[in-house]
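Biologist: Before I rely on any label attached to this protein, I would like to go through the terms one by one and hear what each of them rests on. Could you show me the structure so that we can begin?

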Amino acid sequence: MDQGDTDNVHFPHRHLLGIEGLLPEEISILLDRSESYVDQNRRADKTTPLLHGRTIINLFFEDSTRTRTSFELAGKRLGGDMINMSVATSSVKKGETLTDTAMTLNAMHPDVLVVRHPDSGAVKLLSEKVNCAVINGGDGSHEHPTQALLDALTIRRRRGTLSGLLVAICGDITHSRVARSNIYLLNTMGARVRLIAPKTLIPPEAERLGVEVFHDMETGIKDCDIVMMLRLQRERMSGNFLPSIREYFHFFGLDYEKLANAKDDALIMHPGPMNRGVEIDTDVADDVGRSVIREQVEMGVAVRMAVLELLALNPDNGGNA
Ligand code: NCD
């Protein structure tokens with residue numbers, strides 16, 4: 001796909017705050033556009049001037065390795081001006097409210113703000129205060145839409161489709177925005193989702209999300225096409241959710257014995273950061289035949305290029321394709 005094709009692609013939203021509510025065809029627009037960037041990212045010259053003159057600000061109120069770097073690379077490869085705001089050294093530390101920070105940045109006329117925040121709903125609140133496009137880079141335990149899109153792109157490239165696949169999402173579902181965005185996306189695209197976790201790590205609303213819930217790995221993983229493991233998000237846990245890490249790994253950590261219940265060619269996924277020996281056995285994580293964890297990271301840059309492009313050039317955002 002060359003740059004000229006942008007004219008024909010329209011994503012009918014000003015912001016990307018979550019996957020919930022997106023139509024299957026809107027998700028497909030994002031995935032198809034992402035696909036066109038995968039090859040570009042494998043070339044020696046990875047840049048295009050599509051977003052020349054546009055300003056994108058990464059505003060991360062929480063730690064991040066891959067999401068922040070990935071957005072930064074994506075913005076740069078599209079020729080945009082990419083700024084990283086370090087909250088640790090910003091006025092937020094001086095007591096500025098989220099709204100005031102948003103208004104301040106807004107006055108500098110950015111075209112896109114990429115925001116990660118520890119509170120669910122904070123990114124939506126911020127999007128209501130600014131004139132530019134806002135992308136949710138993860139808000140509390142609510143949503144992480146670009147992660148679900150990159151997971152979907154990884155699966156679609158390996159399996160050709162999402163529809164009809166049986167996907168197990170295992171681990172700390174309660175605290176996981178990755179799980180929520182994936183559940184919405186996979187359900188919308190016709191996959192079937194199983195959640196596998198101890199009772200303490202399954203949120204009460206799980207039944208309403210259109211998933212099947214399992215509390216033991218062997219049964220839950222049975223015949224699955226995809227096994228997606230999640231980190232125990234201890235920074236979000238108040239109190240004791242688990243007796244011990246050793247016991248958790250014994251019952252819920254993905255090792256070859258448990259994996260044997262899935263389909264023979266089941267793919268292993270993890271959004272990172274991984275805790276080896278906690279939710280996943282180190283050999284399973286590094287299994288080149290089965291694990292697509294590195295590929296997920298690669299797809300992340302392509303997905304973020306597509307999202308940045310489609311939002312920054314959206315005429316509804318004042319963008320001019
Ligand atoms: C996840 C996140 O921050 O929500 N990581 C990521 O963005 N790849 C998952 C996690 O922190 O465990």
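Biologist: Which residues surround the ligand?

Modeller: In this predicted model, the ligand is surrounded by R66, T67, R116, H144, Q147, R177, V178, R231, Q233, P271, G272 and P273. Helix 2 (66-77) and helix 6 (177-188) each supply at least two residues of that shell, and by class the shell has 3 nonpolar, 5 polar and 4 charged residues.

Biologist: What makes the approach of R177 to the ligand a polar contact?

Modeller: The cut-off is 3.5 Å between N or O atoms, and a polar side-chain atom of R177 lies 2.7 Å from an oxygen atom of the ligand, so the pair qualifies as a polar contact. For R231, an N or O atom of the side chain is 2.7 Å from an oxygen atom of the ligand, whereas G272 brings a polar backbone atom to 2.9 Å from a nitrogen atom of the ligand. The protein covers 94% of the 320 Å² of accessible area that the ligand has on its own.

Biologist: Where does the ligand sit?

Modeller: The ligand sits in the largest pocket.

Biologist: What kind of peptide bond joins G272 and P273?

Modeller: The bond between G272 and P273 is cis, with omega at about -10 degrees. P273 itself belongs to the loop between strand 9 (267-269) and helix 10 (282-285).

Biologist: Why is the aromatic pair of Y248 and F252 called stacked?

Modeller: Ring centres must lie within 6.5 Å to pair, and planes under 30 degrees apart count as stacked. The rings of Y248 and F252 are 5.7 Å apart, centre to centre, with 25 degrees between the planes, so both conditions are met and the pair is stacked. By this rule the count comes to 1 aromatic pair.

Biologist: Why are Y248 and F252 separated by about one helical turn?

Modeller: Because Y248 and F252 are 4 residues apart in helix 8 (residues 245-252), their separation is about one helical turn.

How values were computed
Residues are numbered from 1 along each chain as its sequence is written. This is a predicted model: local features need pLDDT of at least 70, side-chain atom pairs count only at pLDDT 80 or more; totals for chains, interfaces and linings use all residues. Side-chain values use heavy atoms; hydrogens and water are left out. A residue is near a molecule or strand if one of its heavy atoms lies within 4 Å of it. A polar contact is a pair of N or O atoms within 3.5 Å; within protein, one must be able to donate a hydrogen and the other to accept it, and residues adjacent in sequence count only if both atoms are side-chain atoms. Accessible areas come from the Shrake-Rupley method with a 1.4 Å probe; for residues, only the protein chains shown count as cover. On a 1 Å grid over the protein atoms alone, a cavity is a set of points where a 1.4 Å probe fits but cannot get out, and a pocket is an open set with protein on both sides within 12 Å along at least five of seven lines; lining residues have an atom within 4 Å of a point. A molecule sits in a cavity or pocket if more than half of its atoms lie within 2 Å of its grid points. Ala, Val, Leu, Ile, Met, Phe, Trp, Tyr, Cys and Pro count as nonpolar, Asp, Glu, Lys and Arg as charged, and the others, Gly among them, as polar. Rings of Phe, Tyr and Trp (its six-membered ring) pair if their centres lie within 6.5 Å; planes under 30 degrees apart count as stacked, over 60 as edge-to-face and the rest as tilted.
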